[in-house]
Amino acid sequence: MTALDRRADSRDGSVAPARSDAGARRVDRVLMKGNEAIAEAAIAVGCDAYFGYPITPQAELLEWMARRMPEEGRVFVQAESELAAINMALGASAAGARVLVSSSSPGISLMAEAMSYMAGSRLPVVLVNVMRGGPGLGSIGAAQGDYLQATKGHGHGDYHVPVLAPSSIAEAIDLVRDAFILAERYRTPVMILADGILGQAMEPVAPAFRTLERQRPDWALEGAEGRPPRVLKSLHLRPEDLEEQDLALQRVYDEIRRSEQRWAGERLDDPDIVLVAYGSAARVARTAVERLREDGVGAGLFRPITLWPFPSEPLRHVARGARAVLAVEMSAGQLVEDVRLAIEGALPVSLHGRMGGMVPSPDGVVEAARRALSTGGEDGR
Amino acid sequence: MERSTVIAGFGGQGILFAGKVLAEAAMLEGREVLWIPSYGPEMRGGTASCTVIIADKTIGSPVVDRADHAVALNPPSMAKYGPIVAKGGLLVVNTTLIEAQAGRDDIEVLEVPCTAVAQRAGDDKLVSVVALGALIGRRRLVEPETVHRALAIVLGDRHADMVEMDAAAFDAGFAASLEPVAAPPRA
């Protein structure tokens, strides 16, 4: 059994709060920025190489790596561009290294092509996106406008990558380790989708970060002396061959969908309305749920932790007795698409979204929830 | 119990630092805490702010729409954060720089000439630490002794020589919150 399995509370994929959240051991904690904690978590699990290019609001992640990776005798490269960074990551991963790459929204767009190549070549690179406002250069404020990009594909072709969405710094630390586990278990790139608030905020964390065992990969290009050469590629010119590769990938994705869906729920005992949110927006929704409950409104929170695969069945299950569902997001209506697919028209689904670096306020969410309950979800925004 | 504090003023008034000290002190006392800086373009010349949320359980929203306490160190901060102080909350006003009245009778308004007190303590950059002292004097979020320990931790070895002065500034703000200090006459 892997550590990842042990974290699952129940068979439905819901998980306990991250170790360092409230209720955990409270001695010897340190305050860390999200960006720094993510970087140190990657170092603890044995990340061999980091490649990046500075961009707000993830700059401290790169800065932390610039100082710490050489201290550990590992590889840190500030590349000349995001395009160079991600392709260096591709190469290092092909050679069997544990690799982390990070950027923020516009930089991730520049990396999109290589994501497709890494998925096609089955390379387990972990990529962190600390989202900011968009489109274009947008703003440096926290946003979630890259949900569709992250979950529905960055580059071309029939592929997915698992997407993990932390909503606290303690959880981000755990999810960095989980990301490497998933990446290596399924030989796929994995994305951690954070946002500017998580990157910039500080919370107490337990300073003893967890390590991760390593098995020598049987596919890495590390010199073919004494054995037949290995090939890592995404080019298969014969359609018959490519379809076979694509089908193999789809079987991997089916297995990930079956085994790796994760979510967390709060106050989901017999709710009238289910709020669905991830990342920083989920924390706003948590406060909104508390305020609604204080006013006697039966509200609950469903927080997907894997955005792909989206925990559709669990959401449908927890919402079965509710009257309405409300997606709360820092985007124009991206998460709500997956929520609607999960609910399959069984309930009215409405949206409360802010954009451009603006973040929903708890009272704004409370109001949207009340509206959703009174109008049956007719009010789109 | 979850308590939110917004500290706001000019960039350079040590706002993020004072927030870190408060966050560190809360952590030392075993509480949950979330520290969020403003990191946007407003930091370069306009208002800077920092939010610290302290709680006994998992913290919810990082966005504060009803602040339990706000510390306004300059006029724009007063205009922006005065109105979001929750009913019964506390607004600390730096009267050295702010002439306007809060215009609220449903909150407690504590007027302290923070910049003047900081200058007396040795450096007007200590204004945020003075204000933190005033806040803790009226709302015992953490023990003053813990703040002294937190100051040493946040300042670190590199600035160990500044701990004494910062602690004195904190104590001066704390005292001013209990015994109103007259502002020095304007030059």
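This is a short tour of a predicted model, with stops in chain A, at the contact between the chains, and in chain B.

**Stop 1: a covered strand in chain A**

Start by selecting strand E8 of chain A, residues 190–195. Six of its six residues are buried. Show the side chains and look at both sides of the strand: A:Val190, A:Ile192 and A:Ala194 point one way, while A:Met191, A:Leu193 and A:Asp195 point the other way.

Now add the partners of E8(A). Strand E5 of chain A, residues 126–133, runs parallel to E8(A) and is joined to it by six bridges. To find one of the pairings, pick A:Val130, whose bridge partner in E8(A) is A:Ala194. Strand E7 of chain A, residues 163–164, is also parallel to E8(A), with two bridges between them. Here, A:Met191 of E8(A) stands opposite A:Val163.

Next, select helix H7 of chain A, residues 169–186, and trace the chain from E7(A) through this helix to E8(A): together they form a right-handed β-α-β unit.

**Stop 2: A:Met118**

Move to helix H5 of chain A, residues 105–121, and pick out A:Met118. Is A:Met118 buried or exposed? With 31 other C-beta atoms within 10 Å, A:Met118 is buried. Leaving aside neighbours within four places in sequence, its contacts are A:Leu90, A:Leu123, A:Val125 and A:Pro189. Then try a distance: from A:Met118 to A:Lys233, C-alpha to C-alpha, is 8.8 Å, although 115 residues separate them in sequence.

**Stop 3: where the chains touch**

Bring both chains into view. The contact takes in 25 residues of chain A and 19 residues of chain B. On the chain B side, H1 and strand E2 (32–37) each supply at least two residues. Color E2(B) in particular, since the largest share of that side, six residues, comes from this strand. By kind, the chain B side divides into 10 nonpolar, five polar and four charged residues.

**Stop 4: a helix with one buried face**

Finish with helix H5 of chain B, residues 144–155. Its 12 residues should span 16 Å at 1.5 Å a residue, and the end C-alpha atoms are indeed 16 Å apart. Select the buried residues B:Val147, B:Ala150, B:Leu151 and B:Val154. Turn the view to look down the helix axis: these buried residues fall within an arc of 110°, so they line one face of H5(B). What covers them? Among the elements doing so are helices H1 (15–28), H4 (127–138) and H6 (163–178) of chain B. Just after H5(B) comes B:Gly156, with a positive phi near 70°.

Terms used: Residues numbered from 1 in each chain as written. Chains lettered and ligands numbered in written order. Predicted model: local features only at pLDDT ≥ 70, side-chain atom pairs only at ≥ 80, totals over all residues. Helix = DSSP H or I, 4+ residues; strand = E, 2+ residues; numbered from the N terminus. Expected span 1.5 Å × (residues − 1). Buried ≥ 20, exposed ≤ 12 C-beta atoms within 10 Å, placed from the backbone. Arc of directions from axis to C-beta. Contact = placed C-beta atoms within 7 Å. Nonpolar A, V, L, I, M, F, W, Y, C, P; charged D, E, K, R; others polar. Pairing = 2+ DSSP bridges. Right-handed = clockwise from strand over helix to strand, strands pointing away.
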